[in-house]
Amino acid sequence: MENSKKYLNLLKPNSFNFLPLGSIKPLGWLRKQLQIQADGLTGHIDEFWEDLGPNNKWLGGDKEGWERGPYYADGLVPLAYLLDDEKLKKKARIWIDAFLDNQDEEGWIGPEEPAEERYEKHDPWPVFVVLKVLTQYYEASKDNRVIEVMNGFFRYLKKHSEKYPLFSWGKYRWAELVLSIHWLYEQTKEIWLLELAEIVSKQGYNWQKHFTDFKYTKKSLEIKLETHVVNNAMGIKTPAVWFRQSGKNYDREAVYQALENLDKFHGQVTGVFTGDEYLAGKSPSQGTELCAIVEYMFSLEILISILGDPKFADRLEMITFNALPATFKPDMWAHQYDQQVNQVICNIAERDWTNDPDANIFGLEPNFGCCTANMHQGWPKYVKNLWMATDDNGLAAIAYSPCILTTTVGDCKEITIIEETNYPFDDKIIFKIEGVESVLFPISFRIPSWAKHARIKLPDGKIKSPESGSFYKVERKWHPGDVVEIRLPMEIRTERRYMGSVAIYRGPLVYSLKIGEDWKLISGTPPHGDWEVYPTTLWNYGLKLDTDNPVNSIQVNFKSLNNMPFSPEEAPVELMVKGRILHNWKLEGNCAGHIPQSPIKSHEKLEELTLIPYGCTNLRITEFPLLDD
């Protein structure tokens, strides 16, 4: 009884609550982007990559039976329901049924022993991912098998927690498990689940201490799981996940220490941090693994839900619109394992990385197949979490993209909100309210920290000037046909970075030098295959900028928004700047060489240069030396 009292009044409520999968559907350019993904590797990879084919051990075969199947389903399931695509749903159900129908009498789910010898028997880590898949599926289907199977697996873990404590990857990724334990607790209110969560937290790696007493301030030369880039991307949310149960401010504050220290010592201009394969410092020629990008996005989605701080959504948009699309071939038939902020050649060559020589080519399985399986969750989960529910029966606009939301608000009345926008390329966002009757409820609109002169026009014509870096709450009786218009002026801004270099932003987008590309197929048969990419134009420029008033030295050109906006050819916005060649800045170790210290002189002719959004590039310079003119 005493032990049960310990868990009364837990968990701490979330600041925002996730809406069920299917409540939000993409529109406009965002739907086209998800369709590109469905038409690319996500929709077809199981047809030719044997690791995700019918012989996968999760499906009863004898091939890879560890994390790759669960990883793939974690992106396939939300994509299928967001697009309402019956072919994709059929593929997703194959995995769902395999997860739900292959539980033994004790509660273990899936293969006891992966096909590859490198992984230990009864490793629970892949099941952590399975549980995330099942919670999404339950939201969309209400299939009660999910509750029964999850309950059985958690009882198995609790029974064997002393004999089989967490180890290896599971020890570092324990928050992925606790998320699902907390989810089931909120369905059933059974106290033993919180007891299990506490056992898990004690067996897991101490990410709170890791981030508050941060020792990894330089490029990692040792192979350690605590410096592994994906573990850190997952680990960022761990203190907040545990804060819900511990209630300790120390856990909450550790999240902010995580972002501060990773940015300070390993941060990149896109909002991610380096890791090729381990934390790699601030040089823009170091790489960042694709798995880390999609896992960081998921961590931020969890953080905004738990803590409600709009800065996490600012970071989510930055990563989603920059780092995520840049690591794919525009048609999403190939991906990189590692991307670089200054990426001037993508070829098979030795680099100052822990990864293999093919880590930065665009291909099916460069370096290692984890990203091939895990990359699919990025866009779908972003769409799923564009909106969240508030505890006062209202809604919060978390991130901005064209979509349609249908949910219940106020006193359980159904409402639809259509969001029309070309954001992040344009600054105007229009919300149209639809429903059968008027309803009183609040909407909280996020105002990004960079939007210093935002304006909100309400249905009654009143103009509001909300504070940047906040949620602006509008509580009123909403009527069918009401329209809200938000303007988020995208002023050009610059930031000084590594070696005094300069980076350029407009709204949530980072801008990079547009470099000519020569794609060379080195293996495979298109549409899927492996490509090297070589530059056909010069890249080693320094920029002439008025950093105090960048608008004086940058011209903005707008183009039409077409079917593939995240490509060099169809980039919807261009920035025209001036620069000079720096002949001493050359390739070193098959990367853009060590960036010169700024400011730097050059006596070469001044040229006009075109910058496009980072997410539209495959080759790029993003952190530029600043000219001393």
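A pocket, as the term is used here, is an open set of grid points, where a 1.4 Å probe fits, with protein on both sides within 12 Å along at least five of seven lines. The structure examined here is a predicted model, and two of its pockets are described in turn.

The largest pocket has a volume of about 740 Å³. Its lining is made up of 29 residues, and those nearest the centre are Phe18, Thr135, Glu139, Trp183 and Glu186. Several elements each give two or more residues to this lining: the strand β1 (17-18), together with the helices α6 (125-141), α9 (174-188), α13 (238-246), α15 (290-307) and α18 (378-384). Of these, α9 makes the greatest contribution, with 6 residues. By residue class, the lining of the largest pocket holds 11 nonpolar, 9 polar and 9 charged residues.

The second largest pocket encloses about 540 Å³ of space. It is lined by 21 residues, with Asp263, Asp314, Arg315, Met318 and Ser449 closest to the centre. The elements that supply two or more residues to the lining of this second pocket are α14 (249-266), α16 (310-326) and β15 (492-496). Here α16 provides the largest share, 5 residues. As for the character of the lining, the residues of the second largest pocket comprise 10 charged, 7 nonpolar and 4 polar.

For a first look at the model, helix α9 is a handy starting point for the largest pocket, as the element that gives the most to its lining. For the second largest pocket, α16 plays the corresponding part, with the largest share of the lining.

Key:
Residues are numbered from 1 along each chain as its sequence is written. This is a predicted model: local features need pLDDT of at least 70, side-chain atom pairs count only at pLDDT 80 or more; totals for chains, interfaces and linings use all residues. Side-chain values use heavy atoms; hydrogens and water are left out. On a 1 Å grid over the protein atoms alone, a cavity is a set of points where a 1.4 Å probe fits but cannot get out, and a pocket is an open set with protein on both sides within 12 Å along at least five of seven lines; lining residues have an atom within 4 Å of a point. Grid points are joined across faces, edges and corners, and a volume is the space filled by probe spheres set on the points. Helices (H or I, at least four residues) and strands (E, at least two) are DSSP runs, numbered from the N terminus. Ala, Val, Leu, Ile, Met, Phe, Trp, Tyr, Cys and Pro count as nonpolar, Asp, Glu, Lys and Arg as charged, and the others, Gly among them, as polar.
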